[in-house]
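Subject: Structure for you to look at

Hello,

Here is the structure I said I would pass on. My notes follow below it.

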Amino acid sequence: MSAYKSEFLNILAERGFIHQVSEPEALDARAKDGTLTAYIGFDCTAASLHVGSLLPIMMLYWLQQTGHRPIALMGGGTTRVGDPSGKDESRRILTDEMIEQNLVGIRAIFSKFLKFEGAGGNAIMANNADWLNTLNYIDFLRDVGRHFSVNRMLSFDSVKMRLERQQELSFLEFNYMVLQAYDFVELHKRYDCALQMGGSDQWGNIVNGIDLGRRMANAHLFALTAPLITTSSGAKMGKTAAGAVWLNANMVSPYDYWQYWRNTEDGDVARFLKLFTVLPLAEIARLAALQGAELNEAKKVLATEATALVHGRQAADAAAETARKTFEEGALAESLPTVEVARAELDKGLGVLVAFAEKTGLVSSNGDARRQIKAGGLKVNDATVTDEKMTLTPKELTPEGVIKLSLGRKKHVLLKPI
RNA sequence: GGGAGAGUGUCCCGAGCGGCAAAGGGGGCGGACUGUAAAUCCGCUGGCUAUGCCUUCGUAGGUUCGAGUCCUACCUCUCCCA
């Protein structure tokens, strides 16, 4: 299907990563003949990246796998300003220390996907704070600003839409694309970076960088964007009621991460296998051909493979096994998420409400626990709780020495006395 | 600078004669049905030491037995004029 000559673009195309490419033939030739250096920018507004960032990470992964050099650019500088695009709530001002902390967490994730310099690879982690923080406004205007045509900037969709809808567009926001364009040129100078990738919403910003590169450095740069990924039912990726699906194990356990993928909608399985696992396409085609309930097998593979990428093979297999015991055997898997309680509390009787709301956090409050009991949603050792005054005592301990608390049929936590 | 309007349940959108824990959606959660899916149907969707108490309608005051609702000031946003 793909007409590309380079392995890199072929893989991206076959797996569904490509939305738009600038000068595909020229980029293709470049990727075929030599080592291509490409980057993607990431905000560091949180201590971890979430599933929504996985797509760009995978693009960098394939870039490196096909013999090229990826740059993960941390937005240490741009985060200080705060990306204003999420307009509703004024964003928290992050201190430099927090940004630095977040960087550490995010860096850990990248090391799972990319081999960095000093660790046997050629991937680079850059931080735009290194050049943005020290910018001098006047110098910047003279060196960079003069290359930007406001007339042209106004013609970009992102800007045009705002103007047409007569929504406010702050000067700060207007400048964001300038800073991003500058990043691209800076990376070109420093690392001979020739390609910027990103989500489809980044197209305009990336193209700006290409133009700036040509004007400032006579550079020939490229853009490649990925489609916006939503689930079949139209929801954005990576959000659940419990919050974002983070990639760091201490924020979302491998088991929960596995569950997230296991619950993929039917219509998304094939697409997600291609995007979020590194299985061969032939294998994916076989899995995607499964029909009806058989598709569950494909979902398990998806869950395990996706989890293995982020948390390692061992954790992925463990999560799969825990799920198998819990859901397929109805047995008690000891590796379910566990919460410890003091033995004394159990001895004198622990109220179900407290156990669910305060100990496990399965529900958000006592009131919520009551509501769930009324709706038949809470279970103790697989028996539906009918009395909100029920107390948990050592009698409830299973032979394994734990008490299994469940919310609905999917969420389980073990209570363990210590 | 002048004029007009708006900010509601901390997920979002949105009604709200002075008696309001506050209509209705969306989303989410739970139940039924299934395949740990989707669709569909049903229930729930401020907190608590709970027949009551506490906190919520931009912020701070005021009027009133009682204020989301009226008054004053302030903040923020939008629109129109200059």
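In α16, the buried residues (buried being under 20% relative accessible area with a 1.4 Å probe, protein chains only) are Ala316, Ala319, Thr322, Ala323 and Thr326. Seen down the axis of α16, these fall within an arc of 130°, so they line one face of the helix; the arc is taken from the directions from the helix axis to the C-beta atoms. An α-helix has 3.6 residues a turn, so residues three or four places apart point the same way.

This is a predicted model, in which local features need pLDDT of at least 70, side-chain atom pairs count only at pLDDT 80 or more, and totals for chains, interfaces and linings use all residues. Residues are numbered from 1 along each chain as written, chains are lettered from A and ligands numbered from 1 in written order, and side-chain values use heavy atoms, without hydrogens or water.

Helix α16 covers residues 313-329 (helices are DSSP runs of H or I, at least four residues; strands are E, at least two; both numbered from the N terminus). Among the elements covering its buried residues are α12 (254-262), α15 (295-311), β14 (403-407) and β15 (411-417), where contact means heavy atoms within 4.5 Å. Just after α16, Gly330 has a positive phi of about 65°.

α11 (203-217) and α8 (150-153) each give two or more residues to the lining of the largest cavity. α11 gives the most, with four residues.

Regards

Terms used
Expected span 1.5 Å × (residues − 1). Buried < 20%, exposed > 50% of the residue type's maximum accessible area, 1.4 Å probe, protein only.
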